[in-house]
Amino acid sequence: MPLPAPFDRLRLPLIGSPLFIVSGPELVIAQCKAGIIGSFPALNARPQTLLDEWLHQITEELAKHNRENPDRPAAPFAVNQIVHKSNDRVEADMATCEKWQVPLIITSLGARTEIFDAIRGWGGISMHDVINNRFAHKAIEKGADGLIPVAAGAGGHAGTQSPFALMQEIREWFDGLVALSGSIANGRSILAAQALGANFGYAGSAFIATDEANADPAYKQGIVDGSAEGIVYSNLFTGVHGNYLRSSIENAGLDPDDLPTSDPSKMNFGSGGNTKAKAWKDIWGSGQGVGAIKSVGSVEDLVARMEREYLAAKADLADASASFGGWS
């Protein structure tokens, strides 16, 4: 489907996923100026009144950029809403997002019709995180405009299904907006997401290792030093299964190969479950694609590198098509 405005003016078909603690105005603004959709969790703005200040800052800085660069306008931004019963801020945060007419809302851990209706009411677009086809159906039935299939290998709270299987099942019945999550860390993987039927790639871990990210320098270096085999999948830290850097679990004094299972009914983001270590602060989320991240640098440099890889992959695909008699 053709991308609706303003999502049709992206430099790359990429959404920078919302990163708990790590994503703030500086990272979002840099992502949008670099030509990709930037996002942050509403819960990162604490206290709740800070959300209004953040949205003011983002809106004003992107408007200023657009006035000064009419030939290179910024991409739109997004806010992530955790729609779980443990989040007692969601109504207040939604009212603040409505005030600033946030163009894209990413909802997670709960699909609610009234939330999707509110977003549509101010002219925004909603996309909902899902880990399987059943949840995808539920989200669309409740009014979500688009989907974010979170496949195996994604950072933070992630599913276990292959992106090939998940995208195939979703595209059998849904032709709306889709952003594929799961080890998207270079330009070739963005093109692969499109080949599977997604409109966008959805990348988070790669942006942790950027100058603009609000992350501990050791966390950034952990991303640079990381690899797929250094990722551990556990629900101990929040009650929801997610992927984390093995090194951060070891540094917290825990055995990554012998972690207990947490009670999912006691979901508590950042509590650390039954451990003294806190998720996201001490236990660091990461996807399996971190092997593509070789150094800490600016968002602009990272997006430029991904753009070069994306264009090179498209050229390689065209060459391969020609060599096999023009298949496409």
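Start with helix 7 and helix 11: in this predicted model, helix 7 passes helix 11 in a right-handed crossing. To see the crossing, select residues 187–195 for helix 7 and residues 299–323 for helix 11. Two packed helices are described by the angle between their axes and the distance between the axes. Here the axes come within 6 Å and cross at roughly 55°. Helix 7 is therefore oblique to helix 11.

Next, show the side chains at this contact. On helix 7, select Gly187, Arg188, Ile190, Leu191 and Gln194. On helix 11, the residues to select are Met306, Glu309, Tyr310, Ala313, Lys314 and Asp316. Colour them by residue class: the contact of helix 7 with helix 11 has five nonpolar, two polar and four charged residues.

Now move to the sheet. Three strands make up an open sheet, in the order 7-11-10, with antiparallel pairing. Which strands stand at the edges? Select 156–157 for strand 7 and 231–234 for strand 10; these are the edge strands. Each has a single partner strand, so one side of each lacks a neighbour in the sheet.

Add residues 242–245, which are strand 11. Strand 10 and strand 11 are joined in the antiparallel sense over four bridges. For one bridge, pick tyrosine 233 and then its partner in strand 11, asparagine 243.

Finally, colour the chain by pLDDT. The mean is 92, and 94% of the residues reach 70 or more. Then select residues 269–274, where pLDDT stays under 50. For this stretch the model has 19 contacts beyond four places in sequence.

How values were computed
Residues numbered from 1 in each chain as written. Predicted model: local features only at pLDDT ≥ 70, side-chain atom pairs only at ≥ 80, totals over all residues. Heavy atoms only, no water. Axes fitted to C-alpha atoms, helices over the stretch in contact; angles between N-to-C directions. Helix = DSSP H or I, 4+ residues; strand = E, 2+ residues; numbered from the N terminus. Parallel < 35°, antiparallel > 145°, perpendicular 65-115°, else oblique. Left-handed = near helix turned anticlockwise from the far one by under 90°. Contact = heavy atoms within 4.5 Å. Nonpolar A, V, L, I, M, F, W, Y, C, P; charged D, E, K, R; others polar. Pairing = 2+ DSSP bridges. pLDDT = per-residue confidence, 0-100.
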